[in-house]
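Trainee: I'm new to this one, could you walk me through it?
Mentor: Gladly, put it up and ask whatever comes to mind.

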Protein chains: 2
Amino acid sequence: MTATINVRNPRTGKNDYTITPPSASELALRCTQLREAQVAWQENGVEYRISVLQKWKEAATRHKTSLQEALIHDTGRKWESILEADLLFSSIDRWCRLGREFFTEQASKPSHVPFIEIRQDVQPFPLVGVISPWNFPLLLSLIDAIPALMAGCAVIVKPSEITPRFVKPMMQIIEEVPELASVLVYVEGAGETGGTIIQNVDLVCFTGSVATGRHVYKAAADRFIPAFLELGGKDAALVFEGANLDHATSSLLWGSTANAGQSCLSVERIYVQQSIYTDFLEQLTAKAQKLSFCYPDIDTGKIGPIISEKQVAIINDHLHDALQKGAQILTGTGQCEEHGGGMWCFPTVLTNVNHNMKIMTEETFGPILPVMPFQDENEAVAFANGTIFGLSGAVFAKSHEEAHRIGLRMHCGAISLNESALTAIIHEGEKQSFKASGIGGTRMGAAALKRFVRQRTFLTKVQNVVSPWWY
Amino acid sequence: MTATINVRNPRTGKNDYTITPPSASELALRCTQLREAQVAWQENGVEYRISVLQKWKEAATRHKTSLQEALIHDTGRKWESILEADLLFSSIDRWCRLGREFFTEQASKPSHVPFIEIRQDVQPFPLVGVISPWNFPLLLSLIDAIPALMAGCAVIVKPSEITPRFVKPMMQIIEEVPELASVLVYVEGAGETGGTIIQNVDLVCFTGSVATGRHVYKAAADRFIPAFLELGGKDAALVFEGANLDHATSSLLWGSTANAGQSCLSVERIYVQQSIYTDFLEQLTAKAQKLSFCYPDIDTGKIGPIISEKQVAIINDHLHDALQKGAQILTGTGQCEEHGGGMWCFPTVLTNVNHNMKIMTEETFGPILPVMPFQDENEAVAFANGTIFGLSGAVFAKSHEEAHRIGLRMHCGAISLNESALTAIIHEGEKQSFKASGIGGTRMGAAALKRFVRQRTFLTKVQNVVSPWWY
């Protein structure tokens, strides 16, 4: 199967790009080559890998414009694409620092047993597969790949077939650093190619939907390899009496509509204390109305197109379901709009929502702000936790301490206090997904690197002791 | 299905005990009760949990004799059972210390971002399931259960149906500490009960065979819960010219035949440098011949019965296969022997072995010492790594440094240097299983506790900075 796949342009709705996935045997061959090259990549040590990653950064600097342009073409939005490309640079530097720290620390683990000398080291998984989604195509193709490379793994990345245009400039950048090109390969393809990757690697990282994530986990279990999964969310924000409403409404508007809501850590449910509900809604609605599409001029506005056609259908379905069940719409048209062939969704503030609506229970992945009142803290916490997801959340309260106290009651991995969706910009702090939102160790913080190695222990008896077990 | 299961006595071969597994609905109800009790167990904090675990230790001290007797009855061997019961006490103390350290450290993680305050905490998985094997029935039922309890989880344990007699005294001990009894339950049953447990818990730990471990992983993936698996091994020992042969032969004899070889970390393959091969074999054979069964008097000898009837068939099959293919037998009778109704296997030194024999490739789990010569270090390392397993290994060389240098080339999680199977007595040092020997984070060392929690991060903006992502 090497059938060509057509790629739709999110601004025109037209197919204007194609990719041709490798055959299963081509892919297997590439994986064999990656494994061969990984041996030296590991043996040359962390300082060598840092120097190669720095060369990668230099090459990317030379091709920054073509990378940005491909990302803009892929996603139909500009400012997010520029920032996303910038993250490549800061992410390489960050992982070079954390990688050096990790391997230094690893070499000096203390022993707790007086008569036994314990030495430890780490062995990278030879070949890591990364299967990444379309919402932040570059960022999410690298978020696991860079720490895996630092750990000493070879990496094969398959970005989404919906946004594959950045792959060519990225491969060109990588090819300018031959030491890197032998251990980092991007391949184009859809689900079938992702499945073939799982058949050929020693560890798989997947970012995407809950449904596909479950398949990936099962496929990994069939092959008896570890899987690290970062899946969907239905992040709740709680707004309490005493919170700064001007700040809360601005922050939540951003947290719900940045990248047109196409982010796993978007705020998708807003619960507001009854006493401030009307004020909150008024301010939020006024601010939401001021937003505009990046259309026709891509350089204006904040809200880009909905990138995936399938997502348009989901957003429309959730809006339709909510409106049918009595939701009231305060901004937007109640459905995605077509402009110039692309599909766009205006920031949509909804009230009169309840937990029988898909908009309050399933991941929407659009710039929708359903707002619902709560009576007291217990109800707020129950609302926030009453979901199959557990990715992240937010609390706005009269003080950071109060927000923290309430945040401690939320069943999710990252909680922004008096701010929304801070994990979009902060990648420190170890966190894990709760419930259906994921499986496996933290991908944030320095410990993210640990996912890509197995630890070894070397034990030597340094004093002549006798164990009762010995004979 | 609540059919009674008959339990065979490994010393008499007679069924002299029965267990009745709970029905699926009874088990589900117990899991619901455990979840309910877990809330307070977690909220009361680590010092509370330490105090309860200390009460457990006190209760176990009062019932030490009945626990030991049940273990002796379960396994047919005495000295290992006494040491195993003692490990309960040291293990509780060790985890109380490590648990306190873990939660203290967790509270003081530094932030790397100047303008964002990062606070972290950990949330235990509410209910952990432990499915444990028959070779060290008590020890392996607790190796994951105690750190899980320290982490704040409730735990349900299903020991093997082959050695279930210690469960009753253990439950009696637990019931004397009501605070513990509400969060720690042992249930009796076979594979079906294990399957039902996976359907009811938030995380599963399994110790046992590769074949069953693969099923457990798939079942965990179906339920979208994490699985930590410690499976079989075919541990290799390498003996180089210059090693102390007297010490190496004594150590390897112990490492291969302790608990009659019924240990995942038993040495199952011995590779010896050609120049010392004859000397080594001579010394090993002389020492092996001096061992004797703990029969008829359980207080004599070192070698207990083969506990599981199924294992007897596997050992006989491997021996038969090896002898048919030309292996030479230097000690033992070439098969398990029946004495008084129990099945016993004499420490069996084999030569003329090769890698077409099951005895050199599959897990035997008996006191068998197949010895094969190697020419040089590269061949030795290739032999050691030429296996589907990757649990542990050993190197004997002229110095600790030389043994360490060679050990670094072995693909497994723990390597004993100038000693065998040190992980049997040392539980420090973080290590992971390679290849088919397991999946998931280390169960050794303080980090073993981390498997039972999810990390949360709380992010607060403490300076008025502006991110380019915000609008």
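Trainee: Which residue follows α10(B), and what is the sign of its phi?
Mentor: This is a predicted model, and in it α10(B) is followed by B:Phe224, whose phi is positive, near 60°.

Trainee: What span should helix α10 of chain B have, and what does it have?
Mentor: At 1.5 Å a residue, the 14 residues of the helix, 210-223, should span 20 Å, and the end C-alpha atoms are indeed 20 Å apart, so the two agree.

Trainee: Which residues of α10(B) are buried?
Mentor: They are B:Val210, B:Gly213, B:Val216, B:Tyr217, B:Ala220 and B:Ala221. Seen down the axis of α10(B), these buried residues fall within an arc of 135°, so they line one face of the helix. On the other side of α10(B), B:Ala211 and B:His215 are exposed.

Trainee: And what covers the buried residues of α10(B)?
Mentor: From chain A, the cover includes α10 (210-223) and β8 (227-230), while from chain B it includes α9 (191-198), β7 (203-207), β8 (227-230) and β18 (438-439).

Trainee: How is chain B laid on chain A, then?
Mentor: A turn of 180° with a shift of 0.0 Å along the axis lays chain B on chain A with an RMSD of 0.0 Å, which is the relation of a two-fold axis. The same surface serves both copies, since 100% of the contact residues of chain B recur in chain A.

Trainee: Changing topic, where is B:Gly386 found?
Mentor: B:Gly386 sits in the loop between α14 (377-385) and β16 (392-396) of chain B.

Trainee: Is B:Gly386 buried or exposed?
Mentor: B:Gly386 is exposed, because its relative accessible area is 52%, and the cut-off for exposed is over 50%.

Conventions. Residues numbered from 1 in each chain as written. Chains lettered and ligands numbered in written order. Predicted model: local features only at pLDDT ≥ 70, side-chain atom pairs only at ≥ 80, totals over all residues. Heavy atoms only, no water. Least-squares fit on C-alpha atoms with pLDDT ≥ 70 in both. Contact = heavy atoms within 4.5 Å. Helix = DSSP H or I, 4+ residues; strand = E, 2+ residues; numbered from the N terminus. Buried < 20%, exposed > 50% of the residue type's maximum accessible area, 1.4 Å probe, protein only. Expected span 1.5 Å × (residues − 1). Arc of directions from axis to C-beta.
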